[in-house]
Amino acid sequence: STQSRSSAASDVYKRQLQAFLDDNKELDNSLLHPINTALRNSKKMLSLVSQVLDINRLESGRFPLHVAQYNISELINNIVNRFTQLAKQQNQYLIAANTEEIHFIYCDQDQIDKCISNLIANAIKYSGKSSLIEVSLIQKDNDYGIKVSDNGKGISPEFENKVFERYTQDESSNNVSEPGTGIGLAFVKELVELHHGQVELINKP
């Protein structure tokens with residue numbers, strides 16, 4: 001398909017750029033800057049194409065989950081560590097909560113990783129400078145939940161019922177340097193529901 005070819009081409013392009021940078025580490029900054037920018041853009045394009053392909057697979061019922069038993073505490077901690085440097089660049093404080101003990105759940109680890117990563121990335125992008133972002137593991141009896149919260153300004157009330165719809169964005173997205181595509185949160189919702197879970201928004205402007 002066209003999307004599959006686009007994804008493969010973007011991946012090859014990204015690999016070529018990365019290999020060039022690895023082989024030419026002594027390049028002048030005036031040359032490194034545009035190459036690094038191209039690399040970042042290629043990664044974003046690859047991520048976008050991948051999400052569109054995944055959504056098409058979800059719609060057609062061709063999205064098998066590879067379920068096994070995983071330590072959800074470890075998964076949360078690893079993802080938070082992965083995003084810590086990005087949060088620091090925005091003068092934000094990113095922490096994990098209630099993840100000290102081992103808690104096993106059955107899930108597709110890669111897809112749950114995508115869900116949590118997407119929520120954290122949104123919090124970093126939209127909560128503003130110097131915000132606190134917390135990723136908490138919640139347990140009630142034998143059920144587990146993951147809450148990603150921040151102390152940002154929240155979203156407009158009229159957008160609350162649309163936040164998990166595809167290709168919709170709050171007006172506040174116009175105020176960030178790199179607005180999203182309106183796909184990520186819809187993708188999160190569909191992946192969570194595929195795991196027989198549910199996702200909700202609690203908005204406190």
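Begin by selecting residues 132-140 and 143-150 of this predicted model, which are strands β4 and β5, paired in the antiparallel sense over 8 bridges. Within this pairing, L137 of the hairpin can be picked out opposite I146 in β5. Move next to the turn, where 2 residues lie between the strands of the hairpin and where D141 has a positive phi of about 60°.

Now add residues 93-97, which form the edge strand β2. Strand β2 runs parallel to β4 and is joined to β4 by 5 bridges, and Y93 stands opposite L132 in β4. With these strands shown together, you have an open sheet of 3 strands in the order β2-β4-β5, with mixed pairing; β2 and β5 are its edge strands, each pairing on one side only. Neighbouring strands of this sheet are turned by 15° against each other on average, with direction ignored.

Select residues 72-89 next: this is helix α3, which lies across β2, β4 and β5 and runs at about 175° to β2. Helix α4 also packs on the sheet, touching β2, β4 and β5, while its direction makes about 20° with that of β5.

Stay with α4, residues 109-126, and select D113 within this helix. Is D113 buried or exposed? With a relative accessible area of 17%, D113 counts as buried, because the cut-off is under 20%. Leaving aside residues up to four places away in sequence, D113 touches L75, I79 and R82.

Finish at helix α5, residues 184-194, whose buried residues are G184, L185, A186, F187, V188, L191 and V192. Helix α5 is followed by H196, whose phi is positive, near 65°.

Note on methods: Residues are numbered from 1 along each chain as its sequence is written. This is a predicted model: local features need pLDDT of at least 70, side-chain atom pairs count only at pLDDT 80 or more; totals for chains, interfaces and linings use all residues. Side-chain values use heavy atoms; hydrogens and water are left out. Helices (H or I, at least four residues) and strands (E, at least two) are DSSP runs, numbered from the N terminus. Buried means under 20% relative accessible area, exposed over 50%, partly exposed in between (1.4 Å probe, protein chains only). Contact means heavy atoms within 4.5 Å. Two strands pair if DSSP finds at least two bridges between them. Axes are lines fitted to C-alpha atoms, for helices over the stretch in contact, and angles run from 0 to 180 degrees between N-to-C directions.
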